[in-house]
Each structure stands twice: as C-alpha cells, then as structure tokens.
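Here are a few exercises to work through at your own pace. Try each task before reading its solution.

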Amino acid sequence: TKSILLKSRPKGMPTEENFEFREETLPDLQEEQLLLKALYISVDPYMRGRMSDAKSYVAPYNLNEPIAGGVVAEVAESRNDRYKAGDVVLGNLPWQTYSISNGRGLSQLDPNLAPLSYHLGILGMPGMTAYCGLLFIGEPKEGETVVVSGAAGAVGTVVGQIAKLKGCRVVGIAGSDEKTAYLKEELGFDEAINYKSTSNMREALAKACPDGVDIYFDNVGGEISDAVYSQLNDFARIAVCGQIALYNATSVPTGPRVEPILLKKKALMKGFIVSDYADRFPEAATELANWVKAGKLQYEEHVLEGFDQLPQAFFGLFRGENTGKLLVKVADF
Ligand code: NDP
C-alpha cells in the first residue's frame, strides 16, 4: 500500500515538505479484519488544524503517521461477518491506497442511492454542517437576508441553496468572478461578491443587502467577517462554522471588537462543530437526499484523479482552487 504521512507540522501555508509518501506491504488479515481499498478520499479544511499540535476539538495527527480523514472505500477482502468483499463503506481512514480495519466506526453505503462520492460532500459531513448550522442556528425565515462566506465551497454552496429553498434573499462571498457567476447563474443566489476584487467590502455588502443582514453563515472569518458585522440587523444570527482565513496564520490578527455590535443589534453569535448535531443527521440526510433527487439542490465536485494528488488537493483548499467539494478519486468502483 501507498500512504502519506505527516512528516513535520506546517508553519503557515502547508507545503510538500510537510508530507512523506511511503510504500509498504500490509500484513495478512486477522480474524474480524477487513482489507479496504480507497475509492474517494476527502480533503477538508479542518485537517489543517489537526496538523498543528495546538489543543482543539480533535486530537492532532501524530508525526510520521498517516494523515486520516473521510474516505469511501470498497471492501477488498473480509474476515469480518458484518462485511463481504464488494461492500462499500464510509469511514475515518488513513490516507492509504489500501488499509486494514477492524470494522468499527464504518458505515455501509448503498451504491444505488447516490454517487458514492456524495457521501463525502452533500450527503456527508459538509452537507450536515450546512444544514444544521443554517437551520438550527440561523433559523431562517422567509424574506430574511442570508450572507454566506466561502460561498462557492462544499459547505457554502449548500447553505446558500437551502436558504433559497427557505425563501431568503441570499448573498454569497467568494474569491473569483467565475465563482460569483456560478453562484448567481447556476445556484440562484441573489447577489455574489468577489472579495478579492472588491476594494470596499462594506459598501459592496450594503449594496447587495439593502435590507441589512439577518443571518451570517461564516466559513472564513477575518476581514470578510468584519465587513459583514457592519451590516447586521437587530436580532441577527451568526453561525460561526469556519475561519479558514486564519488557519494558516502564525498569529491571530486583532479585528474590530464585535461585542458592541452584538449588544446594539441584540445579535446571537454561536460557534458549532457539526458533531454537536449528530442526533439530527438522519433527518438532515433524508431531506438533503430528497432535495438532490428532486433537482432542488445542485451539487458540484472538484475531483482530482490519483492518490498522489492528495497533498496538492489539500493545498487547493487554501488557494481557492475548488468550486464545490474538493476530493481525490483514488480508484474505480
Ligand atoms: P471549501 O470547499 O469552502 O474550501 C475552502 C474555500 O475557502 C476555498 O475554496 C476558498 O474559496 C476559501 N478560502 C481559502 N482561503 C481563504 C481566505 N484566506 N479567505 C477567504 N476565503 C478563503 O471548504 P468546506 O466547505 O469544506 O469548509 C468551509 C469552512 O467550513 C471551513 O472554514 C471549514 O473549516 C468549515 N467547516 C466547519 C465545520 C464545523 O463542524 N464547524 C465542518 C465542516 C467545515 P475562495 O476562492 O472563495 O477564497
């Protein structure tokens, strides 16, 4: 099997130097074990946090051990009664072309339900994040204005489309003209702002949100969020989902203080981790799948081919190379 290990902890933007490729032969399967063949491997922004050794909600990756994350894999061999060769599973698995599992923590996927890769995106962790953060923290009501940052990514595209389904005015913030055009023309966003080419974000937001901002779904943090706070309405809700603009920062920049704004606007700001809502996942997965099936939710993937592309795919998240969910296809099913 081929694997990718964390060789050193990145300082700032991660580079190839932080990773090491290794090839080794796996041992024979023991009783209860499965041999898994990776089909699709997800790259996600939270992995940047696990590459550092700072205390967080998930333990850091160990040095000289494989990176791990969301993987869709085929059972290649099984000595476990619950699985047979040819089954497809989703799990938190190492970045390896083949890996051995004891079967714990895996969930079986039905290949006829949806394309297998969707379980790493709209029907998986990012989809659950969008659904739960928007609906349970944002609580959108018809006619309200929703702003989402990181709007063209895996979570953002789903947030904006659900907000449209709930009858909101939706404004997306993303990093290129292709992305803003995609949001408006393909996904039905009312407005979209390219933060890289806009010199005055406050003005651009005021123009795009003539009635102010009722809900802000924050995927990025930093200066983009500072600008959004200036446009909040009374009783606004802010779902703090991600802060990707700061993940490579070596020191956290000081922004404007938000407390006076929250106070004056009687606004609610709440950080969340998707697993907080695990009891709502069945409902979320059913609803998302129904919307996808009915053509009400569009879903885009940015797929790189080949296991060796994993580091580059991961870097792409921070360079904004993806529209929709970024993942790597490792093998055919
Ligand atoms: P995306 O698919 O949105 O990919 C990341 C995107 O972030 C890039 O495409 C890029 O788009 C944008 N970006 C990168 N660097 C910056 C920057 N410096 N400033 C502004 N935008 C930047 O990733 P996901 O949808 O998977 O994740 C989105 C966010 O949600 C992340 O912050 C992630 O950590 C968070 N998240 C949180 C979860 C939770 O449980 N709380 C669960 C899942 C995700 P652009 O071209 O627009 O710059």
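## Exercise 1: The nonpolar cores

Describe the largest nonpolar core of this predicted model and what surrounds one of its residues.

Solution. Start with the core itself: 61 residues make up the largest nonpolar core, and Y131, L134, V147, V159 and F217 have the most contacts inside it. Next, ask which element supplies it: helix 2 gives the most, with eight residues. Now pick L134; beyond its neighbours within four places in sequence, L134 touches P140, V159, I162, A163, F217 and A239. Finally, look elsewhere: another core lies apart, with 34 residues, including V71, L90, L304 and L317.

## Exercise 2: Two helices that cross

Work out how helix 2 and helix 8 are oriented and what kinds of residues make their contact.

Solution. First locate them: helix 2 covers residues 125-138 and helix 8 covers residues 281-293. Their axes come within 10 Å and cross at roughly 100°. Angles of 65 to 115 degrees count as roughly perpendicular, so helix 2 is roughly perpendicular to helix 8. The contact uses G127, M128, Y131 and C132 from helix 2, with F281, A284 and L288 from helix 8. Sorting these residues gives six nonpolar, one polar and no charged.

## Exercise 3: The whole protein

Decide how compact the protein is for its length.

Solution. Begin with the inventory: nine helices and 15 strands. The radius of gyration is 20 Å, close to the 20 Å that the globule rule gives for 333 residues, so the protein is as compact as a globular protein of that length. Its C-alpha trace spans about 65 × 45 × 35 Å along the principal axes. To finish, check burial: 44% of the 333 residues count as buried.

Conventions:
Residues numbered from 1 in each chain as written. Predicted model: local features only at pLDDT ≥ 70, side-chain atom pairs only at ≥ 80, totals over all residues. Axes fitted to C-alpha atoms, helices over the stretch in contact; angles between N-to-C directions. Helix = DSSP H or I, 4+ residues; strand = E, 2+ residues; numbered from the N terminus. Parallel < 35°, antiparallel > 145°, perpendicular 65-115°, else oblique. Contact = placed C-beta atoms within 7 Å. Nonpolar A, V, L, I, M, F, W, Y, C, P; charged D, E, K, R; others polar. Rg over C-alpha atoms; globule rule 2.2 N^0.38 Å. Buried ≥ 20, exposed ≤ 12 C-beta atoms within 10 Å, placed from the backbone. Core = buried A, V, L, I, M, F, W, Y, C linked by C-beta atoms within 7 Å.
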